[in-house]
Amino acid sequence: MTKELTVLAECVDKRTGKRFRLGDIFDPIPTTEQAKRLILAGCLPQGAYKIAANAEEDEEDRLFDALGKAKADVEAAATAAEDAKAAFDAADEAGKPEAAKALADAQAAAKAAVSALKKLSK
């Protein structure tokens with residue numbers, strides 16, 4: 001990987017503004033669009049494109065897995081909130097305060113799970 005990301009001519013990572021000199025290792029891995037530009041400009045060797053494409057694919061896989069987990073978390077939290085609501089409704093007067101706290105906690109957890117999913121979905 002090092003060889004494919006060794007800088008052949010001075011360039012700047014437009015994402016970070018970091019300047020690379022001849023012989024530096026281009027890090028972080030460029031995007032495929034950035035790799036294309038830098039290869040055409042003679043700043044990176046041809047192999048940089050394949051590394052960039054693989055990195056983007058890995059990132060997409062990671063995001064897909066994270067989205068699946070976040071969706072499962074939302075479903076589990078919603079089920080827990082429904083169960084807490086049913087327990088609250090079924091509780092006698094003495095058990096209402098404890099059931100109310102459990103319901104509030106479950107609803108907060110469900111809200112947090114939805115928020116986490118929304119962040120990933122952007």
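## Arg21 and its partner

Arg21 is partly exposed, because its relative accessible area of 45% falls in the range between buried (under 20%) and exposed (over 50%). Keep in mind that this is a predicted model. Side chains of opposite charge can pair when their charged atoms come close. Here, the side chain of Arg21 forms a salt bridge with that of Glu10, at 3.3 Å from N to O. Arg21 sits in the loop between β2 and α1, while Glu10 belongs to the segment before β1 (11–12), so this pair ties together parts that are 11 residues apart in sequence.

## A small network

Which residues join Glu10 in a network of salt bridges? They are Arg19 and Arg21. In the bridge between Arg19 and Glu10, the closest N and O atoms are 3.6 Å apart. Arg19 is partly exposed, at 47% relative accessible area, and Glu10 is partly exposed too, with 47% relative accessibility.

## A pair within a helix

How many salt bridges turn up in a search of the whole structure? There are 8. One salt bridge links the side chains of Asp73 and Lys69, 2.9 Å from N to O. Both residues lie in helix α2 (residues 47–90), and they are 4 residues apart, or about one turn of the helix. Lys69 is exposed, with a relative accessible area of 53%, whereas Asp73 is partly exposed at 35%.

## A cis peptide bond

Most peptide bonds are trans. The one from Asp27 to Pro28, though, is cis, with omega near 15°. To find Pro28, look in the loop between β2 (19–20) and α1 (32–40).

How values were computed: Residues are numbered from 1 along each chain as its sequence is written. This is a predicted model: local features need pLDDT of at least 70, side-chain atom pairs count only at pLDDT 80 or more; totals for chains, interfaces and linings use all residues. Side-chain values use heavy atoms; hydrogens and water are left out. Helices (H or I, at least four residues) and strands (E, at least two) are DSSP runs, numbered from the N terminus. A salt bridge is a side-chain nitrogen of Lys or Arg within 4 Å of a carboxyl oxygen of Asp or Glu. Buried means under 20% relative accessible area, exposed over 50%, partly exposed in between (1.4 Å probe, protein chains only).
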